[in-house]
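These are my notebook entries on a structure I went through piece by piece. I began with one residue and its surroundings, then turned to the sheets and to the enclosed space.

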Amino acid sequence: MNIKLSSVKELRKLTLQAIVDLYENGILLEELTKLPKMLLSGEQPTYRDSIYREREILKQRIKVYLNLNISKVRDMELFELLDILKKKFNCEKIPMEYEGRDHAVEVIEEACDQCPSGQYYATDLCRNCIAHSCEAICPKDAITFSNGRAIIDAEKCVGCGLCEKACDYSAIVKLSRPCEKACGVGAIKADKKGVASIDRTKCVSCGACYAACPFGAIESPTHLIDVVPHIKNGNKVVAMFAPSIIAQFGVGITLEKIKSLFLELGFAKSIEVALGADIVIDEEAREMEVREEKMTTSCCPSFYEYIKLHQPDMAKYISHVDSPMMALAKQLKEENSEYKIVFIGPCTAKKVEAAKYDIVDNVLTFTDVLSWTDARGIDIKTLASDKIEGSYDGWNFAKSGGVAQAVVNKCGKELQLIQMNGIKEGAEAFKQFRLAKSNTLLEGMGCKGGCVCGPSVIQKPLVAKAMLTKLKR
């Protein structure tokens, strides 16, 4: 499928595509050790300074993509993992210490480029003005001028930022790691080696660091190689796809065809999570009608992790209603307890939610599905159109504001709304919420813009939002 991805996502897609292709042809165990050289052939590097470093990094990526505990297997060669993988492919239990952890993201240390952080630099915008305000205000005499521009001595600089504020040309900037800048809760910092390190006591699993890292040093584990064997072995596997899947697979790929895609891939059933959202709308509207205090609402597990870790005194206001994923999964398990349920969405945090409640068996992202589809050589445009269900309000859960608006539309009393549009808005949103009256509903989204802006989306969010609007007609 001809979908343009960033180099980081393209490498992930090609690697997953190769893994699935080899597995479905029954030769993955025989070819696994050759995979890094197969995908990165030749002697010239493609992305870095050394082809050998590229292959070492890819080897670590493969371990993450096989959903293994990277901290346990980092120093192991791929051939040492073959016995473990043989059990996994036969859907048998592997030793617990090798099981993939319930982390939304993992750091591949070998890929981290040790980006400098917290340092101030004078850019080419420097005009070598007469005032030299930056030099004059620096308390450590860290700024000098050479060849007509300011030079900041990193050894003397204490990072106070006064020079940045003093420059009228905005010529001085603070360089921050992309991952640190993206994280709204300060959960990622450089360790003593300069490598990114995640503080799990702060991390809300939103995946912002994963989406932001230009080196692909932060990866999100995939359950793809757990799901494919279950289908191959004849288990009853159900695909539940999130509302944010709209427009993800390109122009002309309708929701009706996407629903058929999962049946083509071998799932026993394909069902819209929008139906789970409809369950949530009804239940939350009823709860809000009888509730005597304010309430938070969300379909986002990162939002609830944010409350738990960073606003714990607000936990008492969390809605008692399940997320759409959980509500629909419970309904499916009641229908048939043998179902293996797979959630498909753009979200890294859903992996944590699934592990926590042990009802949804696996979580795949859109990139995972794209890799699988390409490995199979499926042209989605040629597939039959299956009937799509779920209300517009249920589908509209995919964007910020959609969850709260759906409850307002259904609720029998007037509500005041507060919106937390992304983790970085958390402190301000809860500041307002603390002062709010009892008829207030706070909607929280981990990703700014909602699920259509999630860390594993393929297409531009604006396209998805436009397509959601068309569903209302």
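Entry 1, a serine and its contacts. I looked up the neighbours of Ser-456 and, leaving aside residues up to four places away in sequence, found that it touches Lys-9, Tyr-210, Pro-346, Thr-365, Phe-366 and Thr-367. I note here that I am working from a predicted model. Ser-456 sits in the loop between strand E15 (440-445) and helix H21 (461-471). Is Ser-456 buried or exposed? Its relative accessible area is 1%, so I put it down as buried, the cut-off being under 20%.

Entry 2, the sheet of four strands. I traced an open sheet in the order E10-E9-E12-E13, and its pairing is parallel. Strand E10 (269-272) and strand E13 (362-365) are at the edges with a single partner strand each, so each has one side without a neighbour in the sheet. From one strand to the next I read an average twist of 25°. For the pair formed by strand E9 (residues 237-241) and strand E12 (residues 340-345), I recorded five bridges in the parallel sense, and within it Ala-239 is opposite Val-342 in E12. Helix H12 (residues 255-264) packs on this sheet, where it touches E9, E10 and E12, and its direction makes about 150° with that of E10.

Entry 3, the sheet of three strands. I then followed a second open sheet, ordered E11-E15-E14 and again with parallel pairing. Its edge strands are strand E11 (295-297) and strand E14 (416-421), each of which pairs on one side only. Ignoring direction, I find neighbouring strands turned by 25° against each other on average. E14 and E15 run parallel and are joined by six bridges, with Ile-418 placed opposite Leu-442 in E15. Helix H13 (residues 274-290) packs on the sheet through E11 and E15, its direction making about 170° with that of E11. Helix H20 (residues 426-435) also packs on it, touching E11, E14 and E15, and its direction makes about 165° with that of E14.

Entry 4, enclosed space. How many cavities of 30 Å³ or more does the structure hold? I counted five, and the largest contains about 270 Å³ of space. Its lining is made up of 27 residues, and those nearest the centre are Cys-299, Cys-300, Cys-347, Lys-350 and Cys-451. Helix H14 (301-310), helix H15 (324-335) and helix H16 (349-357) each give at least two residues to this lining. Sorting the lining residues by character, I obtained 20 nonpolar, six polar and one charged.

Notes: Residues are numbered from 1 along each chain as its sequence is written. This is a predicted model: local features need pLDDT of at least 70, side-chain atom pairs count only at pLDDT 80 or more; totals for chains, interfaces and linings use all residues. Side-chain values use heavy atoms; hydrogens and water are left out. On a 1 Å grid over the protein atoms alone, a cavity is a set of points where a 1.4 Å probe fits but cannot get out, and a pocket is an open set with protein on both sides within 12 Å along at least five of seven lines; lining residues have an atom within 4 Å of a point. Grid points are joined across faces, edges and corners, and a volume is the space filled by probe spheres set on the points. Ala, Val, Leu, Ile, Met, Phe, Trp, Tyr, Cys and Pro count as nonpolar, Asp, Glu, Lys and Arg as charged, and the others, Gly among them, as polar. Two strands pair if DSSP finds at least two bridges between them. Axes are lines fitted to C-alpha atoms, for helices over the stretch in contact, and angles run from 0 to 180 degrees between N-to-C directions. Contact means heavy atoms within 4.5 Å. Buried means under 20% relative accessible area, exposed over 50%, partly exposed in between (1.4 Å probe, protein chains only).
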